[in-house]
Amino acid sequence: MSTLEPPIRQEFQYDLAPAAPASLQRRLPAVQRLWQQGWVRKSVVLAVLALLWELAARWQDNDLLLPTFEQTARAFVEGIASGELVEKVEVSLLVLVQGYVAGIALAFVLTALAVSTRLGRDLLETLVAMFNPLPAIALLPLAMLWLGLGNASLVFVIVHAVLWPLALGTYAGFQSVPATLRMAGRNYGLTGLPFVVQILVPAALPAIVSGLKIGWAFAWRTLIAAELVFGASSGKGGLGWYIFQNRNELYTDKVFAGLAAVILIGLAVEHLLFAALERTTVQRWGMRTNG
């Protein structure tokens, strides 16, 4: 039985002309490239809010109730030029840094004990359940009774505002560390504080940074609220006292200028300090995307 051989196809070779050089990337229009910048979009949001504020104030037509954005900006610039607003900001930030650092240190000690010993875990869970729901400003009368009319009272309530949310967030971050990383640390002979610093802290850094941001927000607003009472009692204070005093004197534009200072400081800390911390740590290590 003979087999049929398949036909052999004739081969052809064509020489193609070289392709014209072309860029594989399409350059976006300048407006679209500019809009992709986060600071541009946020600036547009702030400008829209300022415009709505100006329109609402002009429609209200009562400077005592709602000054215009222009009047508030003028009062803010005058407060900066005279040095009065700068002095109040310095007083508030000095007290805030003291309480914030002390709260961070205590939160780290508690969480380190919680992940190292069973008694430390029970202690942290009990203290957080007791004191985390308690508003920090509610402790100000006791702080003033125990510590007197000084910065120590403000530092006390700031520590309370920072300690519990930061300790809770840090401990939750430690609990979410994968078991493989824990076993790797144990295999290297790490225990106690070296295990916490070299294994748990880097792995739980996103949760720690989030806790730091929440603690900062709690501390900042607690300080402003406490200064309203503390300043009224002692005759001095920071931004809170500046707002309270101008409210009593019916300088509403200065009240809004003080509130604007509180907001601007919060934005600066969020977008400069914490953003830089996240870029150099969690985003650089691939633990969180930039989107």
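## Charges and surface

Let's start with charge: the protein chain carries 21 positive and 18 negative side chains. Take the centre of each set, and the two centres turn out to lie 8 Å apart. Keep in mind as you read that this is a predicted model.

What about the outside of the chain? Its accessible surface comes to about 18,600 Å², and 65% of that belongs to carbon and sulfur atoms. As for the inside, 34% of the 291 residues count as buried.

## Helices from end to end

How many helices and how many strands are there in the protein chain? The count is 12 helices and 0 strands. The chain is more spread out than a compact globule, because its radius of gyration is 29 Å, well over the 19 Å that the globule rule gives for 291 residues.

You can also picture a box around the C-alpha atoms: along the principal axes, they fill roughly 115 × 60 × 30 Å. Now look at who touches whom. If you take contacts between residues at least 6 apart in sequence, 66% of them join residues at least 24 apart.

## The spans marked in UniProt

An unreviewed UniProt entry annotates several stretches as "transmembrane region". According to that record, they are residues 93-115, 127-147, 153-174, 195-218, 224-244 and 256-277.

Two of these stretches are worth a closer look. Residues 93-115 are 100% helix and 0% strand, and the C-alpha atoms at the two ends of that span sit 32 Å apart. Residues 195-218 come out at 96% helix and 0% strand, with 30 Å between the end C-alpha atoms.

## Two loop residues with positive phi

Here's a bit of backbone background: most residues other than glycine have a negative phi. Asp 61 is not a glycine, yet its phi is positive, at about 55°. Where does Asp 61 sit? You'll find Asp 61 in the loop between helix H2 (38-60) and helix H3 (69-82). With a relative accessible area of 64%, Asp 61 is exposed.

Leu 250 is another case, with a positive phi near 60° in a residue other than glycine. Leu 250 belongs to the loop between helix H11 (239-248) and helix H12 (252-280). Its relative accessibility is 56%, so Leu 250 counts as exposed.

## Gly 148, between two helices

Next stop is Gly 148, in the loop that links helix H6 (140-147) and helix H7 (151-175). Is Gly 148 buried, exposed or partly exposed? Gly 148 is partly exposed, because its relative accessible area is 25%, and that falls between the 20% cut-off for buried and the 50% cut-off for exposed.

Not counting residues up to four places away in sequence, Gly 148 touches Ala 143 and Ser 153. Compare Glu 87: Gly 148 and Glu 87 are 61 residues apart in sequence, and their C-alpha atoms are 23 Å apart in space.

## Two residues inside helices

Ser 92 is part of helix H4 (residues 84-116). Its relative accessibility is 0%, so Ser 92 counts as buried. Which residues does Ser 92 contact, leaving aside its neighbours within four places in sequence? They are Trp 220, Leu 223, Glu 227, Gly 238 and Leu 239.

Val 201 has its place in helix H9 (residues 192-203). Again leaving aside neighbours within four places in sequence, Val 201 is in contact with Phe 108, Phe 174, Val 196 and Ile 208. Trp 53 is somewhere else: Val 201 and Trp 53 are 148 residues apart along the chain, and 44 Å separates their C-alpha atoms.

Note on methods
Residues numbered from 1 in each chain as written. Predicted model: local features only at pLDDT ≥ 70, side-chain atom pairs only at ≥ 80, totals over all residues. Heavy atoms only, no water. Helix = DSSP H or I, 4+ residues; strand = E, 2+ residues; numbered from the N terminus. Rg over C-alpha atoms; globule rule 2.2 N^0.38 Å. Buried < 20%, exposed > 50% of the residue type's maximum accessible area, 1.4 Å probe, protein only. Contact = heavy atoms within 4.5 Å. Areas by Shrake-Rupley, 256 points an atom, 1.4 Å probe, with all protein chains shown as cover. Lys, Arg positive; Asp, Glu negative; His and termini not counted. Charge placed at Lys NZ, Arg CZ, Asp CG, Glu CD. UniProt positions renumbered as here; feature names shortened; annotations may be inferred.
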